Amino acid sequence: MRRAAFLGQRVAPVSQTRHKHDSLLPAGAGGRSSFSGQAATVFGATGQVGHTLVNNLGRMGSSIVLPHRNSTEAWRSNDLRLMGDLGTLQFYQHFDVAHRSDREVMETIEHSNVVYNVIGTRRELKNYTRRETNVDWPERLAKLVAAKGDGTRLVHLVPLNTGNEEYCKYSKILEEHTEACEKIRDAYPDAIIVKSADVVGWNDYYCNWWSMNNEYYQRSLSYIGAFPLMYGGGAQTYVSPIVRRDLGRALAKIGAHPDSDGHDFELFGNKVFKLVELVEFMYDVKWQTMRHLNTKRTASARCARLDVDMDYFPYDPLGELVADPVDLTTMQKLKRKLLRLHLAKLNWPRFNVAGIRALDYVHRNKSMYADWTSEDHFNMMNMSHKPTFENPGFADIGVKLNDPLIAIHECMANFSPGAYPSGFGLTDNFKRLDQFDLPPTYEWDVVHTQEAKRLAYA
């Protein structure tokens, strides 16, 4: 097994001749004014994971090349300039993966000994298709890194359930990531694949999708029969989110580890939650820390409740995600068709009638619904995390995990002030984490036992 191989290898002695950048040796006492030995190129640095990765690389004194689509003065990349010591960050402005030649891409990785690819998307983009981003670009990058011939490490980030044949049938996003990993391995066998659970942290996408700004869109599904809508009511879905700074630290250490070449890594939390109980905690924090009378679009203002109890939403209108269609009731089959129709409408072409929605008449993914979901992504968000436990993880690389509930509390309690100017002052009822009923945690062996019983019963 790869895990055993990873743990069994020893660090090569210093006297051994290496075939990768012998001149790039660590120097200094450590810290941002030293040199860590990593000359890295980070693709996707302006994303949430990319920001944290660059910060971790910069704090240890790495030299970093940052290709990005904007100018250096743009707000997406402006804060990156503070993450490294003077001269350690090299910005490659107006970088476009679809229109840059192989020679231009090679220029960004030519002097690097580690290349990180944290680019990925859950939806069709304005300038790129989802397949171009998730499959074509990683394969192309792997071929270019292999063409260097100097042992440069390639670290590629994908969702945790990538490669799970059962779940790939329900999400083309996972199918694309699985295909990309296979093509990367074919092009560059020494590539490092990092499979990560859902990430939580300040202004993260996971909490935002479930119960922050997208609560309005979740409520638009209430006609199907539940709010928020989850397969199986979320009672059989087990997730283990990780804190974003833990993932960034892990990626930096994986890129520097001498024995990481050719390995798969599985990064998931040591605390497991039921999805329904975790989402209930999100709504508890959100609704109990905002000014009640000013929240006119939330269920709390309409129902005069600042506490949410998912026992009031015990319905299972969709059935289990992986359920056999034969076992579904007629109503559940109907609700699933309504859900597919609802999610498909979000991406149908719009027509320009007398100039109405003139800027949005081609695709709905340019509209306000762009940040919500599609069927492939909706299914992904309702999947249990299923690690294989055969690959190294956080413990093997020496990363101590932070509590995800603390990060979720920080994110949900302050979602209004940091989101837009009109939200200032909506959190005057702030409550500490210990003032909430925390969701219970489960051990991985218990989760596997319950899953086996459920499959046997089915």
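Q: Buried means under 20% relative accessible area, exposed over 50% and partly exposed in between, with a 1.4 Å probe and protein chains only. Is tryptophan 444 buried or exposed?

A: Tryptophan 444 is buried, at a relative accessible area of 12%. The model is predicted, so local features need pLDDT of at least 70 and side-chain atom pairs count only at pLDDT 80 or more, while totals for chains, interfaces and linings use all residues. Residues are numbered from 1 along each chain as its sequence is written, and side-chain values use heavy atoms, with hydrogens and water left out.

Q: How many helices and strands does the protein chain have?

A: Helices (H or I, at least four residues) and strands (E, at least two) are DSSP runs numbered from the N terminus. The protein chain has 17 helices and eleven strands. Of its 458 residues, 51% are buried. The surface of the protein chain is about 22000 Å², of which carbon and sulfur atoms supply 52%; this area comes from the Shrake-Rupley method with a 1.4 Å probe.

Q: What share of the contacts between residues at least 6 apart in sequence joins residues at least 24 apart?

A: A contact means heavy atoms within 4.5 Å. In the protein chain, the share is 77%.

Q: How do I read the length of helix 11?

A: The expected span is 1.5 Å times one less than the number of residues. Helix 11 (residues 275–288) has 14 residues and spans 20 Å from first C-alpha to last, close to the expected 20 Å. In helix 11, 13 of the 14 residues are buried.

Q: How many disulfides are there?

A: A disulfide is a covalent bond between the sulfur atoms of two cysteines. The rule here asks for a pair of cysteine sulfur atoms within 2.5 Å, and the count is zero. Take cysteine 207: its closest cysteine sulfur, in cysteine 411, is 4.6 Å away, so the distance is too great for a bond. Cysteine 411 is likewise in no disulfide. Cysteine 207 is buried at 0% relative accessible area, and cysteine 411 is also buried at 0%.

Q: What is the sign of phi at asparagine 203?

A: Most residues other than glycine have a negative phi. Asparagine 203 has a positive phi, near 60°. This residue sits in the loop between strand 7 (199–200) and helix 8 (205–211), and asparagine 203 is partly exposed at 46% relative accessibility. Phenylalanine 389 also has a positive phi, about 60°, without being a glycine. Its place is the loop between helix 14 (375–381) and helix 15 (394–397), where phenylalanine 389 is partly exposed at 34%.

Q: Why is the pair of phenylalanine 389 and tryptophan 444 called edge-to-face?

A: Rings of Phe, Tyr and Trp (its six-membered ring) pair if their centres lie within 6.5 Å; planes under 30 degrees apart are stacked, over 60 edge-to-face and the rest tilted. Twelve aromatic pairs meet this rule. The ring centres of phenylalanine 389 and tryptophan 444 are 5.6 Å apart and their planes are at 75°, so the pair is edge-to-face. The pair links distant parts of the chain, 55 residues apart, with tryptophan 444 in helix 17 (residues 444–457). Elsewhere, Phe43, Tyr92, Phe95 and Trp137 form one aromatic cluster.

Q: Which ring does the charged end of arginine 122 sit over?

A: A charge sits over a ring if NZ of Lys or CZ of Arg is within 6 Å of the ring centre and within 35 degrees of the ring normal. For arginine 122 the ring is that of tyrosine 205, with the charged end 3.7 Å from the ring centre.
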